[in-house]
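Let's walk through this model together, one region at a time. Have a look at the structure below before reading on.

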Number of protein chains: 2
Amino acid sequence: MSPTHTGVTTTPRCRIRDILDRIGDKWTVLVIVELTDGPRRFRQIQHGVDGISQRMLTLTLRRLERDGLVQRTVYPTVPAQVDYRLTATGASLTDLLHDMAAWSRTHQHNIETARHHYDATHPDSDIR
Amino acid sequence: MSPTHTGVTTTPRCRIRDILDRIGDKWTVLVIVELTDGPRRFRQIQHGVDGISQRMLTLTLRRLERDGLVQRTVYPTVPAQVDYRLTATGASLTDLLHDMAAWSRTHQHNIETARHHYDATHPDSDIR
DNA sequence: CAGGATCCGGTGGGATACTG
DNA sequence: CAGTATCCCACCGGATCCTG
């Protein structure tokens with residue numbers, strides 16, 4: 001790689017997409033955050049993540065389990081009892097999520113100002 | 001907030017969604033990365049971001065401009081010449097993108113292993 | 001060159017009903 | 001309780017054609 005290169009990746013193609021494909025959807029990070037304080041059961045998570053449908057919670061948890069970010073444990077009781085907890089890999093995301101939240105907080109005001117200014121100076125734009 | 005709370009957010013609702021709504025789509029980070037080394041013109045970006053359609057490049061740049069992450073400059077030449085560059089706010093994303101890429105590199109192997117294991121032990125799952 | 005305008009298909013995700 | 005099974009639709013993004 002060129003010595004003057006100051007880009008983000010050290011490999012030919014962008015690694016950032018990897019993690020975005022994993023947490024960039026509508027619910028994943030909210031579910032992860034819900035698990036940061038310890039194991040939670042299905043209903044607990046659904047109650048904690050406002051607005052998530054039971055279908056999407058299932059899909060989100062399955063994907064997290066498949067990637068090894070969440071461990072699913074079934075207790076052979078009647079009725080069935082299941083809990084989910086972050087694995088070490090899943091928990092390692094916490095720092096990154098902190099950084100993302102920090103960036104949002106830091107730049108939130110600037111972005112909203114820029115946005116209002118754009119909307120004011122581009123009244124007939126349908127971007128939004 | 002409870003003193004034992006170790007979650008990610010310090011506000012009631014998750015700030016992480018803010019930034020994900022901004023960079024979580026298919027092309028935004030790739031375009032930003034393409035601009036990290038300095039101003040680029042429309043065709044240059046399109047050539048640098050493999051596979052992006054002209055429509056999506058336009059939309060992505062408009063959104064970045066609206067949020068004040070990218071500055072669009074039109075030079076009154078014939079034919080028109082336009083370049084895009086990161087603003088200070090946009091450039092401030094670089095560290096975050098570095099961290100995201102670093103996380104991906106660090107955990108890539110574990111995730112792929114977990115995934116293969118899941119697929120092997122759940123042969124009739126349609127998650128993928 | 002740098003886009004605007006359309007058309008169109010795939011899919012992410014919601015609502016609802018049912019089950020072990 | 002913890003899901004599974006369908007149906008359905010909005011919208012994200014691709015392809016193509018046109019313009020200042």
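## A partly exposed arginine and its partner

Let's begin with Arg115(A), which has a relative accessible area of 27% and is therefore partly exposed. Please keep in mind that this is a predicted model. The side chain of Arg115(A) meets that of Asp67(B) in a salt bridge, with N and O 2.8 Å apart. Arg115(A) belongs to helix α6 (residues 93–121) of chain A, while Asp67(B) sits in the loop between α4 and β2 (70–75) of chain B, so this pair joins two chains. Asp67(B) counts as buried, because its relative accessibility is 7% and the cut-off for buried is under 20%.

On to the residues with these numbers in the opposite chains: Asp67(A) and Arg115(B) take part in a network of salt bridges that also includes Arg22(A).

## More salt bridges

How many salt bridges are there over all chains? The count comes to 12. One of them is formed by the side chains of Arg66(A) and Asp119(B), at 2.6 Å from N to O. Here helix α4 of chain A provides Arg66(A) and helix α6 (residues 93–121) of chain B provides Asp119(B), so this pair also joins two chains. Arg66(A) counts as buried at 8% relative accessibility, whereas Asp119(B), with a relative accessible area of 33%, is partly exposed.

Another salt bridge has both of its residues in chain A: Asp83(A) pairs with Arg85(A), and their closest N and O atoms are 3.2 Å apart. Is Asp83(A) buried or exposed? Its relative accessibility is 9%, so Asp83(A) counts as buried. Arg85(A), at 28% relative accessibility, counts as partly exposed.

## How the two copies are arranged

Chain A can be superposed on chain B by a rotation of 180 degrees with 0.0 Å of shift along the axis, giving an RMSD of 0.0 Å. The two copies are thus related as by a two-fold rotation axis. Which residue of chain A comes closest to that rotation axis? That is Gly24(A), whose C-alpha lies 2.4 Å from it.

The interface fits this picture nicely. Of the interface residues of chain A, 100% are also interface residues in chain B, so the copies meet through the same surface.

## The surface near DNA strand C

Now for the nucleic acid. There are 19 residues around DNA strand C, and those that come nearest are Arg55(A), Arg43(B), Gln54(B), Arg72(B) and Tyr84(B). On the DNA side, sugar and phosphate make up 55% of the atoms of strand C that come within 4 Å of the protein. By class, this surface has eight charged, seven nonpolar and four polar residues.

Which elements each supply at least two residues of this surface? In chain A it is α4 (54–66), and in chain B they are α3 (42–48), α4 (54–66) and β3 (81–86). The element that gives the most is α4(B), with four residues.

## Side chains at the phosphates

Both chains place polar side-chain atoms by the phosphates. In chain A, an N or O atom in the side chain of Lys26(A) is 3.0 Å from a phosphate oxygen of DNA strand C, and a polar side-chain atom of Trp27(A) lies 3.3 Å from a phosphate oxygen of that strand. In chain B, Arg62(B) has a polar side-chain atom 3.0 Å from a phosphate oxygen of DNA strand C.

Notes: Residues are numbered from 1 along each chain as its sequence is written. Chains are lettered from A and ligands numbered from 1 in the order in which they are written. This is a predicted model: local features need pLDDT of at least 70, side-chain atom pairs count only at pLDDT 80 or more; totals for chains, interfaces and linings use all residues. Side-chain values use heavy atoms; hydrogens and water are left out. A residue is near a molecule or strand if one of its heavy atoms lies within 4 Å of it. A polar contact is a pair of N or O atoms within 3.5 Å; within protein, one must be able to donate a hydrogen and the other to accept it, and residues adjacent in sequence count only if both atoms are side-chain atoms. Ala, Val, Leu, Ile, Met, Phe, Trp, Tyr, Cys and Pro count as nonpolar, Asp, Glu, Lys and Arg as charged, and the others, Gly among them, as polar. Copies are superposed by least squares on the C-alpha atoms of residues with pLDDT of at least 70 in both. Contact means heavy atoms within 4.5 Å. A salt bridge is a side-chain nitrogen of Lys or Arg within 4 Å of a carboxyl oxygen of Asp or Glu. Buried means under 20% relative accessible area, exposed over 50%, partly exposed in between (1.4 Å probe, protein chains only).
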